[in-house]
Amino acid sequence: MHITVINPNTTRAMTDMIGSCARGVAGPGTRISAVNPSMGPASIESHYDEALSVPGVLHEIAEGERAGSDGYVIACFGDPGLDAARELAGGPVVGIAEAAMHAATLVGRSFSVVTSLSRTVGRAHDLVRHYGFADRCVGVYACDIPVLALDDPSTGAARVIIELCRQTVERDKADSIVLGCAGMADLCSYVSQEVGVPVIDGVSAATKLVESLVTLGYSTSRRDEFARPLPKAYVGGLSAFELVD
């Protein structure tokens, strides 16, 4: 099985970390390709960043199709381009926010999300409602550490995230914690040990979900909405994205 894990930002060091986390949970017969676009933002921390990351994500889906990928993970908590990617990909495509929230509902009644910057809290709430978990999510909290500073020892990111997780467990009685950024993936095990409730990394959860869907022979329905987009002219800088029959 070949799964492509797409980091929608252009920071290779983060892609390598995400790939390592995905490989850590993948089965022995699964090959993980961790990739990132050559165009787009260095990190995704706003609606603007997210919107401009989508062409790069779709380019990587097209590349994965040419390489024979069986399924895909979109490794950004905003799940950018997820629906469009499902229209293009032959195999299943899973976003890490979607995967982590589903996993959280299987291990407890309630969960909280701990994300990066406060400006992303609204987007996380949007996704909670979109995926149908508004009655299961008891809070969304920001550590206010930029995505690319999460692995900088000087920020003390792990301690800040642990304290936020403890607070939501104590105050909101959260049964589990969803880490709201792919840049937190490698902190998951450590944070979980310190907090004492399941702490869910969406990269790992999405990797195992894609692996399971491929094994079961399930992929995106082509009945209507997620059928391949109709061919039409694309002009200017997006002409390379034009689809043909």
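The following exercises, each with a worked solution, examine the domains, salt bridges and selected residues of a predicted model.

Residues are numbered from 1 along each chain as its sequence is written, and side-chain values use heavy atoms, with hydrogens and water left out. Since the model is predicted, local features need pLDDT of at least 70 and side-chain atom pairs count only at pLDDT 80 or more, whereas totals for chains, interfaces and linings use all residues.

**Exercise 1. Describe how the chain is divided into domains, and characterise the interface between domain 1 and domain 2.**

Solution. Begin with the bounds, which come from an automatic or database domain assignment: domain 1 covers 2-95 + 204-241, and domain 2 covers 97-201. The C-alpha centres of the two domains are 22 Å apart.

Next, take the contacts, where contact means heavy atoms within 4.5 Å. By this rule 24 residues of domain 1 touch 27 residues of domain 2.

Then consider the buried area, defined as the accessible area (1.4 Å probe) that two parts lose on being put together, summed over both. Between domain 1 and domain 2 this area is about 1900 Å², with carbon and sulfur atoms giving 62% of it. On the side of domain 1, the residues that lose the most area to domain 2 are Met17, Glu45 and Phe77, which together account for 38% of what that side buries.

Finally, turn to the polar terms. A polar contact is a pair of N or O atoms within 3.5 Å; within protein, one must be able to donate a hydrogen and the other to accept it, and residues adjacent in sequence count only if both atoms are side-chain atoms. Across the interface of domain 1 and domain 2, 13 residue pairs are in polar contact, both residues being at pLDDT 80 or more. The elements that give two or more residues to the domain 1 side of this interface are helix 1 (12-25), helix 2 (47-67), helix 3 (82-88), strand 4 (93-95) and helix 8 (202-216), where helices (H or I, at least four residues) and strands (E, at least two) are DSSP runs, numbered from the N terminus.

**Exercise 2. Work out which elements are joined by the salt bridge of Arg123 with Glu50, and set out the salt bridges of Asp126 and Glu194.**

Solution. The criterion is a side-chain nitrogen of Lys or Arg within 4 Å of a carboxyl oxygen of Asp or Glu. A search of the whole structure finds nine such salt bridges. Arg123 lies in helix 5 (residues 121-130) and Glu50 in helix 2, so this pair ties together parts that are 73 residues apart in sequence. Their closest N and O atoms are 3.0 Å apart. For accessibility, buried means under 20% relative accessible area, exposed over 50%, and partly exposed in between (1.4 Å probe, protein chains only); Arg123 is partly exposed at 26%, whereas Glu50 is buried at 14%. The count of salt bridges between domain 1 and domain 2 is two.

For Asp126, the partner is Arg129, with closest N and O atoms 2.7 Å apart. These two residues are three residues apart in helix 5, so about one helical turn separates them. Asp126 is partly exposed, at 33% relative accessible area.

For Glu194, the partner is Arg166, at a closest N and O separation of 3.4 Å. Glu194 lies in helix 7 (residues 188-195) and Arg166 in helix 6, so the bridge ties together parts that are 28 residues apart in sequence. Both residues are partly exposed, Glu194 at 31% and Arg166 at 26%. Arg159 joins Arg166 and Glu194 in a network of salt bridges.

**Exercise 3. Determine whether Thr168 and His2 are buried or exposed, and describe the surroundings of these residues and of Thr11.**

Solution. Thr168, in helix 6 (residues 157-172), is buried, with a relative accessible area of 0%. Apart from neighbours within four places in sequence, Thr168 contacts Ser112, Tyr141, Lys173, Ala174 and Ile177. Of these, Ser112 is 56 residues away along the chain, yet the C-alpha atoms of Thr168 and Ser112 are separated by 7.0 Å.

His2, in strand 1 (residues 2-6), is also buried, at 7% relative accessibility. Its side chain is joined to that of Arg31 by a polar contact of 3.3 Å. Beyond neighbours within four places in sequence, the residues in contact with His2 include Ser33, Ala67 and Asp70.

Thr11 sits in the loop between strand 1 and helix 1. The side chain of Thr11 reaches the backbone oxygen of Ala42 at 2.6 Å, and its contacts, neighbours within four places in sequence aside, are Asn36, Ala42 and Leu148.
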